[in-house]
Amino acid sequence: MAMARRAMSLLPQWPSRVFSVELDGAPFYFAIQEKHRGEEVPPVFQRVQEYYRCYSLFVCSSDRIRRAMFYAELKDKLLRDLPPECDLSPMSSFLPNVKDSLIKGYFLKDNSDSSSPIERVLRDLIQRDPVFVCSYLRGDNCQLWTQHLWPHTGSQVMEKSKEYYVVPSEAPEYHPATLNIINSDVFYSLEEACDVLKKCGDIIPEATSILELLPSRAQARSKPDFPVIVIEGLDATGKTTLTKSLRDILRAVLVPCPPQCLYPWRARFDKEPPLIRRAFYALGNYITAEQIGQEAMKTPVIVDRFWHSTAAYAIATAVSGPPCNLPAVGSEVYNWPSDLLQPNLVVLLTLDPEERKRRLMNRGQGKTVEEQELDHNRLFRLRVEEAYQRISGPACVTVDASPSADQVLQQVLLLIRGKCHL
Ligand SMILES: Nc1ncnc2c1ncn2[C@@H]1O[C@H](COP(=O)(O)OP(=O)(O)O)[C@@H](O)[C@H]1O
Ligand SMILES: Nc1ccn([C@@H]2O[C@H](COP(=O)(O)OP(=O)(O)O)[C@@H](O)[C@H]2O)c(=O)n1
């Protein structure tokens, strides 16, 4: 009952929300409107006419760690328990252009003969887990759809609540996924990222070990004595080759990010939902910053990936579709964390996709899931590259990595000498 009350407390904004679901690979936005007798309502869901029933499920816990974990669990549960005729796609609900208002869920299209098996699964879920369920029913004229929110009232779970018409809605000014990026996908302080790992310590014991590796506080503004140069770029753009040469020529120390001490835990955190996974990588930047701070008192420091990678991959994964869906140039999302050490120069290596693929093949190594995704998904790669270039404070300087390794090295040395007086 306590959970039911908490769920209901999220409901007052329900009629003002917009819903987004991917249909045939494109986002479809709709809103709901109270039923008024005789009023004309435009037809929607034409693309799901062949389905008789649809449902939406939204995760509604007020605890964000539980919400993130349960969203991932819910998909596995639904795929396991629902009949195979049931089609599942991700869905979201949000208040247009209102920060932090996004709730994630799933949309179910049911093509089976009977609604009973699905409704049994959904009824069980609503009683035990932090979810809202809505059902959508097609009217007699095959055009009108209505949405019913299933009430969370113990014994009367299946009694349908107020009916709303489903009406098409315009695409919002800001892509809905951009509303929740701050402190869910990208963290802007050591404290915010720590907070996530602290709160999941009882579910993920490794989180506690990571917190023990952290500096007691971020090394914010202290300017290192020697230059700190970061090399960024997608996998196989030549970062390892270049950073090793720079280390040898400049008699510098080479520091990777995430730091080596986090390597044993990477596979573990790569499996976690974005909130936890991104907090893990954010903390990697603060551990690396501590190492940079110490080394840069004695020698120049070359860093293989840093904050640009953490933020660009996180933003590009959170948002779908073409790069125009990314938060606009100048958005606070691209700001450098105020408590994170700032390098003197950030170089971004860029490479033609075909040449990058060729280098990846030649290397013949296993790739991370994200890197495989980059290969297959052109739009994802374009979003990562665009996000890299929008990050500011410091912004990156782009270098074409297609010439020979030596030519790229000479080009970067010129930049370093111009900027860092080495
Ligand atoms: N400028 C270059 N021209 C041609 N091949 C390169 C160049 N730089 C690196 N490579 C080769 O491309 C592959 C990927 O380079 P690597 O330095 O490992 O990239 P990253 O560290 O960015 O993943 C390696 O096989 C490397 O020898
Ligand atoms: N500083 C960093 C480095 C990597 N990462 C994450 O780690 C993933 C790949 O890093 P990687 O170490 O496999 O890259 P390569 O060393 O293979 O070029 C990226 O997709 C990011 O999600 C990060 O968040 N922050």
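In the predicted model, ligand 1 is surrounded by 15 residues, of which Gly 238, Lys 239, Thr 240, Thr 241 and Arg 359 come nearest. Two or more residues of this shell are contributed by each of helix 6 (239–250), helix 10 (353–363) and helix 13 (405–420). By residue class, the shell around ligand 1 comprises 4 nonpolar, 7 polar and 4 charged residues.

Helix 6 also packs against a sheet. The helix lies across strand 9, strand 10, strand 11 and strand 12, and its direction is at about 170° to that of strand 11. The sheet itself is open and consists of 5 strands in the order 10-11-9-12-13, with parallel pairing. Its edges are formed by strand 10 (253–256) and strand 13 (397–400), each of which pairs on one side only. On average, neighbouring strands of this sheet are turned by 25° against each other, direction ignored.

Within the sheet, strand 9 (residues 228–233) is flanked by strand 11 and strand 12. Strand 9 is joined to strand 11 (residues 301–304) by 4 bridges, the two strands running parallel. A further 5 bridges join strand 9 to strand 12 (residues 345–350), again in the parallel sense. Ile 229 takes part in both pairings: this residue stands opposite Ile 302 in strand 11 and opposite Leu 345 in strand 12. The pairing continues from strand 12 to strand 13, which are parallel over 4 bridges; here Thr 350 stands opposite Asp 400 in strand 13.

The burial of strand 9 was examined residue by residue. Because 6 of its 6 residues are buried, strand 9 is largely enclosed by the rest of the structure. The cover extends to both faces: Val 228, Val 230 and Glu 232 are buried on one side, and Ile 229, Ile 231 and Gly 233 are buried on the other.

Val 18 was considered separately. This residue lies in strand 1 (residues 18–23). Val 18 has 19 C-beta neighbours inside 10 Å and therefore counts as partly exposed, since a buried residue requires 20 or more. When residues up to four places away in sequence are not counted, Val 18 touches Tyr 29, Ala 31, Phe 94, Pro 96, Ser 169 and Pro 172. Between Val 18 and Ser 114, the separation is 96 residues in sequence and 29 Å in space, taken from C-alpha to C-alpha.

Terms used. Residues are numbered from 1 along each chain as its sequence is written. Chains are lettered from A and ligands numbered from 1 in the order in which they are written. This is a predicted model: local features need pLDDT of at least 70, side-chain atom pairs count only at pLDDT 80 or more; totals for chains, interfaces and linings use all residues. A residue is near a molecule or strand if its C-beta atom, placed from the backbone, lies within 6 Å of it. Ala, Val, Leu, Ile, Met, Phe, Trp, Tyr, Cys and Pro count as nonpolar, Asp, Glu, Lys and Arg as charged, and the others, Gly among them, as polar. A residue is buried if 20 or more other C-beta atoms lie within 10 Å of its own, exposed if 12 or fewer, and partly exposed in between; C-beta atoms are placed from the backbone. Two residues are in contact if their C-beta atoms, placed from the backbone, lie within 7 Å. Two strands pair if DSSP finds at least two bridges between them. Axes are lines fitted to C-alpha atoms, for helices over the stretch in contact, and angles run from 0 to 180 degrees between N-to-C directions.
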